[in-house]
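Good morning, colleagues, and thank you for making time for this presentation. Please have the sequence and the structure open, as I shall refer to individual residues throughout.

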Amino acid sequence: MDTTFIGLDVGKASLDVFISGRNKTETVSNTPSGLATLARRLSSLPNPHVILEATGGYERLAHELLTQAGIAVSIVNPAQVRQMARGMGRKAKTDAIDAAVLAEFGRIRCSDPTPLPCEEQRRLEELLTYRRQLIDERVRLNNQIPHFRDPMVKASAAERFDAILADIVRIEKAMQEIVQQTPHLQALYALITSVPGIGPISAFTLIAQLPELGKLTRKQIAALVGVAPFNRDSGKFKGHRSIRGGRPQVRTVLYMAALVAMTHNKSFKEFRDSLVSRGKPKKLAIIACVRKLVTVLNAIIRDTKPWQAKSA
């Protein structure tokens, strides 16, 4: 059956909708009632598939309500969409153009539908986001405090710093409780943390922000995280392969976990050393270890078997 791709450009208050095969864009409100109306209209189309970008949270309502209405919804990487738009020569940027580009992106790339996270995963993601914001504030304040001279400012800053630390502790405790009280997340957490180098925050991040873990091939999961190398060859020019795109927050925690694994995990240490001994740059060896780590985790979740040295 032919698929009708629908590009949805998401804003805080409204959604611009472009349906493949039609030369106009319409706007609906980004509210439950507006999305209910849109879902009814899209349901009459042959095999509708909505494509929208990750926009920091404004896309969540559309993803949830349209999926519940039985419509396939894919949340795609904005950077990949922009690259395709530039390749198509579309330099102008408006909401209507963005919606049309998204529909075309879906037609060309045909992304798989993005599964809805469970309520516990949504809570984890929100707590993780807030924790990152608090850590950024803590670092900024810690850098500023030595330069304060006014006693009241110094006292206020120190008080705020202590409050941030206390909030971070409470958030981490809340995330641990969510996982412990949710059987399927508890099982997932146990599998992920069975890998030496993976700590609680890394596990929470993978559970909340990489739900595809264990459901894709090793190449697909590496590309999704953004650690799959891409060739840069043209004619006689042979460029270095490099990584790009993906999910930066997930990649960051896996990068830190890989650094720990290369110190305390014999398999990863030997893998890194073998690459360096063959003349590979140290940075490349680290990225290769990150890619190895995510593919190992993918296999562990897929097979529901905890880490063993031979898993690597």
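Ile-221 sits in helix α9, which covers residues 218-225. What we are looking at is a predicted model, and every remark that follows should be heard with that in mind. Is Ile-221 buried or exposed? Its relative accessible area is 0%, so Ile-221 is buried. Setting aside residues up to four places away in sequence, Ile-221 touches Leu-210, Glu-212, Leu-213, Leu-216, Val-294 and Asn-298. One of these partners, Val-294, is 73 residues away from Ile-221 in sequence, yet the two C-alpha atoms are 7.4 Å apart in space.

Another partner of Ile-221 deserves its own comment, namely Glu-212. Glu-212 belongs to the loop between α8 and α9. With a relative accessibility of 10%, Glu-212 falls under the 20% limit and therefore counts as buried. Beyond residues up to four places away in sequence, Glu-212 touches Ile-221, Leu-224, Arg-247 and Asn-298. Asn-298 thus appears in the contact lists of Ile-221 and of Glu-212.

I turn next to helix α8, where Thr-205 is located. Thr-205 is buried, its relative accessible area being 2%. Which residues does Thr-205 touch, if those up to four places away in sequence are not counted? They are Leu-128, Leu-210, Gln-249, Val-250 and Val-253. Leu-210 is also touched by Ile-221.

The neighbour of Thr-205 in this helix brings us to the aromatic residues. The model holds two aromatic pairs. In one of them, Tyr-189 and Phe-204 are stacked, with 5.6 Å from centre to centre and 25° between the planes. The angle is under 30 degrees, which is why the pair counts as stacked. Why does this pair tie together separate parts of the chain? Tyr-189 lies in helix α7 (residues 183-193) and Phe-204 in helix α8 (residues 200-209), so the pair links parts that are 15 residues apart in sequence. Both partners are buried: Tyr-189 has a relative accessible area of 15%, and Phe-204 has a relative accessibility of 1%.

Rings also meet charge in this model. The charged end of Lys-292 is placed over the ring of Phe-271, 4.8 Å from its centre. Lys-292 also lies over the face of Phe-268, at 5.7 Å from the ring centre.

Phe-271 leads on to Ala-288, a residue of helix α12, residues 282-303. Apart from neighbours within four places in sequence, Ala-288 is in contact with Phe-271 and Leu-275. Ala-288 counts as buried, at 6% relative accessibility. Between the C-alpha atoms of Ala-288 and Ala-258, which are 30 residues apart along the chain, the separation is 9.4 Å.

Let me now move to the cavity. How many cavities of 30 Å³ or more are there? The count comes to one, and about 40 Å³ of space lies within the largest cavity. Its lining consists of Val-17, Ile-19, Arg-22, Lys-24, Thr-25 and Glu-26. By character, the lining residues divide into two nonpolar, one polar and three charged. Strands β2 (14-19) and β3 (25-29) each contribute at least two residues to the lining.

Two residues call for a remark on the backbone. Asn-47 is not a glycine, although it has a positive phi of about 45°. Asn-47 is found in the loop between α1 (32-43) and β4 (48-53), and at 33% relative accessibility it counts as partly exposed. Thr-304, likewise a residue other than glycine, has a positive phi near 50°. Thr-304 is placed in the segment after α12. Is Thr-304 buried or exposed? At 56% relative accessibility, Thr-304 counts as exposed.

Finally, I place these details within the whole protein. The protein has 12 helices and seven strands. Of its 312 residues, 39% are buried. Among contacts between residues at least 6 apart in sequence, 60% join residues at least 24 apart. The contact between Ile-221 and Val-294, with their positions 73 residues apart in sequence, is one example of such a contact.

Definitions and conventions. Residues numbered from 1 in each chain as written. Predicted model: local features only at pLDDT ≥ 70, side-chain atom pairs only at ≥ 80, totals over all residues. Heavy atoms only, no water. Phe/Tyr/Trp six-rings, centres within 6.5 Å; stacked < 30°, edge-to-face > 60°. Helix = DSSP H or I, 4+ residues; strand = E, 2+ residues; numbered from the N terminus. Buried < 20%, exposed > 50% of the residue type's maximum accessible area, 1.4 Å probe, protein only. Lys NZ or Arg CZ within 6 Å of the ring centre and 35° of its normal. Contact = heavy atoms within 4.5 Å. 1 Å grid on protein atoms, 1.4 Å probe; cavity = no way out; pocket = protein on both sides within 12 Å on 5 of 7 lines; lining within 4 Å. Points joined across faces, edges and corners; volume = space filled by probe spheres on them. Nonpolar A, V, L, I, M, F, W, Y, C, P; charged D, E, K, R; others polar.
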